[in-house]
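User: Hi! Could you walk me through how some of the labels for this protein are decided?

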Amino acid sequence: MTVRSIVHSAFSFLAILGWTTHAAAQPAFEAEPPAQLLSQPFLQLPRANSINVVWFTDFRGIDHRVDLQTTPPRVIAATTTQLSSVFGDDPHGGLPYRRDIYRHEAIVNELEPGVRYAYRVASHAAASTARSPRYELAALPPRGQPLRILLTSDHQLKPMVAANLTQVAATVGRVDAVFMAGDLINVADRASEWFDDPRGRAFFPNLQGVGSGDWPGAPILQHAPLFPTIGNHEVMGPLDDAISLDMRFAAVRPGGFNATTYEEIFSLPSEGPGGERYYAQPFGDVFLISLLGSRPWRPPSLDGPAPSKYGEPDQLSPGKWGSGEFHLESLEPGSPQLDWLLATLSSPTCREARYKVLILHQSVHGLGENSVPVFSPPQARDGSDPPRYDYPRAHDTWTQHVEPALRAAQVDLVLVGHNHIWNRFELGEGLHLLESSNVGNSYGCYCEENGRHRPFLPPEPGFNLADYPAFGDPHGAKPVVPNVRPLQFASNGLPLPCVASNDTTIFSVLDTQRGCVTSYAYDTTDPNAKAFVFDEFFLGRN
């Protein structure tokens, strides 16, 4: 008897007993949707003969791997960990819920310097496999290899970011690295801001060319390692499931904050005393130093319900005081970070580098609103109750302790963020400072030429207003007017030394072969526009 006849006889017997065998009576199973990657792969921690490939899924899965196109092909297994502190927002206004997000990291080694390799990643779910398209990776570039490095910051899901990154790819092609001076997102523990914001503005989709808005962004991180620094938006207050994510972000206090999600997402050099929070990395002809130079942003008002940058409101109990805009990590003399910086600047690897670049988030010079107060540790005024905090220019940490060391070590470029504008300064002895953070939006430029005054000055008598200039760089540094094509002008027709626009987006690129930094502008309101050069300056002391 054949199998077919046996099955037919069995169904006939069930029918005699009165049991139906209609299809409608069979249990209905929905097919599991095909597995998908939560992010495309991105590159981290390049070494002389290796680089790390990282990607994310929202399923634990099995057999996560990198397929490397070599002869013969190689398969590199990934290590999987779960992010410990990422949440989703309740659409009905309830408390946030934990999201299960898994990080996969493979160390791709045995690479030949200067050679680019095709790769893709794969993650297996229960019934299907998610695969990425093919991209390219390379080990640490050797000295002398020409590089183009994107200089950016302050993405924060702002409206123009995707257009900005789309234009980076359209204008300069593939870049070799990204130096990012902080504020990648708004609330670090909100998972959607990294991966799947419903507006199509999330961090990874924009930098990986899979955004869902009018501009897709560009596939940058799949091919170029990212070197970020911590800004005020990468830190969170203590983990507390009973309050909203926004409230936790606002709960940052001295000794009561963390950068857990940032540190779990990225793999960065960790040899120094600060681990991944501040680090150094040689990259071709560039020696990069990333500092933790940031502080929490506080509102200026002393009448509101929240701690102010200038003091504690009368109605706040001492247990809720914020201690002003304190430094997340000290750079004062004797601090581990400053001692590490001085030792790093004197190291042979740094001294011998063709270009020395330092990034931090705080706008230690600038024309934006957040250049004031200066980068001084807040000083509680004697006799003030509740406390009032002063930020004396004479005690500014940057100008007193850091900038002189950078000049002595012949550092070429400092990249900062925080103000959401473009401006640059020549600080003497070959040291340049650039802020190129008018990426997604702007909060304004305040300079003598346009007559605009900063809105966040001390709100009551008793402060030394000489420490809080209403416009210009608070330390008196003279900003440089764009030298190719100024973009904005004062009422008298004179060009402004800044760009602050919610229509025009800015990006800057360091070209190590030419030794120059070029800044581009793109008008997002003109569908036929192309990005154009508006400023360019050269590094080096020859």
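Here are some labels, each set against its rule.

Analyst: Happy to! This is a predicted model, where local features need pLDDT of at least 70, side-chain atom pairs count only at pLDDT 80 or more, and totals for chains, interfaces and linings use all residues. Residues are numbered from 1 along each chain as its sequence is written, and side-chain values use heavy atoms, with hydrogens and water left out.

User: Why are H7 and H9 called roughly parallel to each other?

Analyst: The axes of H7 (residues 336-345) and H9 (residues 397-408) cross at roughly 5°. Angles under 35 degrees count as roughly parallel, and H7 and H9 are therefore given that label.

User: What makes the contact between them?

Analyst: Contact means heavy atoms within 4.5 Å. Leu338, Leu341, Leu342 and Leu345 of H7 meet His401, Val402, Ala405 and Leu406 of H9.

User: Why is the pair of Trp422 and Phe534 called edge-to-face?

Analyst: Ring centres must lie within 6.5 Å to pair, and planes over 60 degrees apart count as edge-to-face. For Trp422 and Phe534 the values are 5.0 Å centre to centre and 70° between the planes, so the label edge-to-face fits.

User: How do you know that Trp422 counts as buried?

Analyst: Buried means under 20% relative accessible area, with a 1.4 Å probe and protein chains only. Trp422 has 0% relative accessibility, so Trp422 counts as buried. Phe534, also at 0%, counts as buried too.

User: What makes Arg485 a charge over the ring of Phe532?

Analyst: The rule asks for CZ of Arg within 6 Å of the ring centre and within 35 degrees of the ring normal. Arg485 lies over the face of Phe532, at 3.8 Å from the ring centre.

Key:
Axes fitted to C-alpha atoms, helices over the stretch in contact; angles between N-to-C directions. Helix = DSSP H or I, 4+ residues; strand = E, 2+ residues; numbered from the N terminus. Parallel < 35°, antiparallel > 145°, perpendicular 65-115°, else oblique. Phe/Tyr/Trp six-rings, centres within 6.5 Å; stacked < 30°, edge-to-face > 60°. Buried < 20%, exposed > 50% of the residue type's maximum accessible area, 1.4 Å probe, protein only.
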